[in-house]
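Student: I should like to take a close look at a single part of this model and then follow how the rest is arranged around it. Could you guide me through it in one connected account?

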Amino acid sequence: MDSGRDGEFYHYCLGASLAAIDPKKEGRCMCEIFGNYGWSEGPRLEKYLADHFMVQGINHFVPHAFLPKAYPDPDCFPHFYAGGHNPQYKAFSQVILYMNRICNLIFDGKAVCHTAVLYQAEQEWMGECMLNQKILRTLMENQITAHIIPEDVFDDNNEYHTKYEEGILVVNNNYYKEIYHPQNI
């Protein structure tokens, strides 16, 4: 059964690109995490997910669907404490402490990223084009960090502080030596 979900998009496109290029965001990027896996999610998967997103530049997290309702609440998985019924609660708290520590360490950091990928929305309106996740997958598999940039960075109002310096595109103090453009197919 096809769920209509694009795993490449979720794995390669979700990251902190806009937080890096939009001066108003000041590098802050939030992710709602953990609620979609139900009781099968344990500390090992939680740490894997946290590491994946922190490497992508996410520096604020909110546990998904966390409510202090009485156990069991079928709309709130996993029940992190569950009135003492969740045997993995202590391990979960260690994952949260780890995430908090790493996020505090990386909060004011700046990714070394010299590659930009132009967001494909405008190209899609003109017909089929290569999707960003295909480009980003190839870059990531070759250990090349990239930001997705919208065409808005080239607007006359210059809210992204865009300029060119010696042939290099600069967007909010991010220096891009290479720019990938999703071509129409």
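Student: Which residue in β6 stands opposite T162?

Tutor: The residue in β6 that stands opposite T162 is V171. Please keep in mind throughout that the model is predicted.

Let us begin with the strands around that pair. Strand β5 covers residues 162-165 and strand β6 covers residues 168-171; the two run antiparallel and are joined by four bridges. Together β5 and β6 form a hairpin, with two residues between them. One residue of that turn, E166, has a positive phi of about 50°.

Strand β6 has a further partner. Three bridges join β6 to strand β7, residues 174-176, and this pair also runs antiparallel. Here V170 stands opposite Y175 in β7. As with the preceding pair, β6 and β7 form a hairpin with two residues between them, and N172 in the turn has a positive phi of about 50°. For reading such strands, it helps to know that in a regular strand the side chains alternate between the two faces of the sheet.

From these hairpins we may turn to another group of strands. An open sheet of three strands, in the order β4-β3-β8, shows parallel pairing. Its edge strands are β4 (146-149) and β8 (178-180), each of which pairs on one side only. From one strand to the next, the twist averages 30°. Within this sheet, strand β3 (residues 115-118) pairs with β4 in the parallel sense over four bridges. A position to find on the display is A116, which stands opposite H147 in β4.

A helix accompanies this sheet. Helix α6, residues 132-141, lies across β3, β4 and β8, and runs at about 165° to β3. Its buried residues are N132, Q133, I135, L136 and L139. These residues cover an arc of only 160° around the axis, and therefore they lie on the same side of α6. The buried residues of α6 pack against α1 (7-13), β3, β4 and β8. After the helix comes Q143, whose phi is positive, near 55°.

Helix α6 also carries charged side chains. In general, side chains of opposite charge can pair when their charged atoms come close. R137 and E141 provide an example: their side chains meet in a salt bridge, at 2.8 Å from N to O. These two residues lie in helix α6, four residues apart, which is about one turn of the helix. R137 counts as partly exposed because its relative accessible area is 32%. Salt bridges that share partners join E8, K134, R137 and E141 into one network.

The structure holds nine salt bridges. Another of them leads back towards the hairpins with which we started: the side chains of E159 and K24 meet at 3.1 Å, N to O. This pair links distant parts of the chain, with E159 in the loop between β4 and β5 and K24 in the loop between α2 (17-21) and β1 (30-33), 135 residues apart. Are these two residues alike in how open they are? What matters is the relative accessible area: E159 has 35%, so it counts as partly exposed, whereas K24 has 56% and is therefore exposed. The side chains of E26 and R28 form a further salt bridge, also at 3.1 Å from N to O. Of these residues, E26 is exposed because its relative accessibility is 57%, while R28 is partly exposed, with a relative accessible area of 39%.

Finally, let us consider aromatic rings, for the structure holds two aromatic pairs. F9 and Y10 form an edge-to-face pair, with 5.5 Å from centre to centre and 75° between the planes. F9 is partly exposed, with a relative accessible area of 33%, and Y10 is partly exposed, with 44%. The pair of F34 and F92 is edge-to-face as well, at 6.1 Å centre to centre and 75° between the planes. This pair links distant parts of the chain: F34 lies in the loop between β1 and α3 (43-55), and F92 lies in helix α4 (residues 89-106), 58 residues apart. Since buried means under 20% relative accessible area, F34 with 3% is buried, and F92 with 9% is buried.

Definitions and conventions. Residues numbered from 1 in each chain as written. Predicted model: local features only at pLDDT ≥ 70, side-chain atom pairs only at ≥ 80, totals over all residues. Heavy atoms only, no water. Pairing = 2+ DSSP bridges. Axes fitted to C-alpha atoms, helices over the stretch in contact; angles between N-to-C directions. Contact = heavy atoms within 4.5 Å. Buried < 20%, exposed > 50% of the residue type's maximum accessible area, 1.4 Å probe, protein only. Arc of directions from axis to C-beta. Salt bridge = Lys/Arg side-chain N within 4 Å of Asp/Glu carboxyl O. Phe/Tyr/Trp six-rings, centres within 6.5 Å; stacked < 30°, edge-to-face > 60°.
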